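Welcome! Open your viewer, get your selection tool ready, and follow along stop by stop.

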Amino acid sequence: MNTDAQISEAGATPTEGATPTEAGATPLDRPDAPADPGTTVSYVYALSRAGTALDTRAPQLTGLDDGPLRTVTCGELSALVSSVPADAYSEQGMRARLEDLSELAAVARTHHAVIEAAYATTTVLPMRLATVYLDDARVRSMLHERRADFGELLTWLEGHVELGVKVYADAHEAAAAPPDPEPAPGSAPVSPGRAYLQQRRAQRRHHRDAYRAAGAVAGAVPDRVSALARARVAHRPQQGDLASGPGENISNEAYLVPAERTGQFHQALTGLADDVPGVHVEITGPWAPYSFATPPTAGAGA
């Protein structure tokens, strides 16, 4: 998952399909009353194993509100943390940010920049946007309570990256394409999307054809990469400014892939939609495994 995905998950605009509560905007230990000016809380970006390069890297990074980063350690786990203003990251403060896409985008970009910098040095478990605790002691308590779950997740994610696959449908491009010639006897099989379009060419061309052809292409993606991916997550398609590709995003998936097999993953999807007018496939990443990280459940209230 990437920055756009997290912005959407936090509730600004859809893509990876979660409500604000599901996306981590729920206050885990966030004060719900106005805080005194100058009071800070602990914002958690990611988790890793203690004693890794993250401990050395943390002081070199800058977090939200230009705050320095540090690691908070409990046993075998470390959390990458910075202090943020309590009033801005209270439940009321975050609700206001969720309603302002530009403000939310700025928070998300910094959040992900920190995670990607940490991910470049060691395996990390990304935390969801706006994971906030009252202080470092509460962070240590969270690490202690979930040490078994987090340890298993870090082991499972070791050596893996996240790759995104998006399929777009452009009805205008499909309508402008010339009619298909009749296939020659003994010719090679065509792609699923192309086969669908060929079946429909005999009928009156309709703008929905492009979307159905894109659906056929999207349906072929999992089969092509099943032997290369450890896990798959289907997210909500992106819309509006978050959809960077041509046409409309009709499929938005994330795959957990061994780092050394990313080249094979790209090769497996090469040419999938090259002969399908109006259908485009975009591969993004590699990213830290945002889509495959489970954040802590809500702890004790403030």
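**A strand and its partners**

Start by selecting strand S6 and strand S9 (residues 279–287): seven bridges join these two, and they run antiparallel. Strands here are DSSP E runs of at least two residues, and helices are H or I runs of at least four, numbered from the N terminus; two strands pair if DSSP finds at least two bridges between them. This is a predicted model, where local features need pLDDT of at least 70, side-chain atom pairs count only at pLDDT 80 or more, and totals for chains, interfaces and linings use all residues. Residues are numbered from 1 along each chain as its sequence is written, and side-chain values use heavy atoms, leaving out hydrogens and water.

Now click Lys 166, which stands opposite Glu 282 in S9. Next, add strand S8 (residues 248–258), antiparallel to S6 and joined to it by ten bridges. Ala 169 has Glu 248 as its bridge partner there.

Are the residues of S6 (160–169) buried or exposed? Ten of its ten residues are buried (under 20% relative accessible area with a 1.4 Å probe, protein chains only; exposed is over 50%, partly exposed in between). His 160, Glu 162 and Gly 164 are among those pointing one way, while Val 161, Leu 163 and Val 165 are among those pointing the other way.

**Into the core**

Select Tyr 43, Tyr 45 and Leu 80, which are among the best-connected residues of the largest nonpolar core, a group of 54 residues. Such a core is a set of buried Ala, Val, Leu, Ile, Met, Phe, Trp, Tyr and Cys residues joined through side-chain atoms within 4.5 Å. Finish on helix H5 (101–119), which gives the most to this core, with eight residues.
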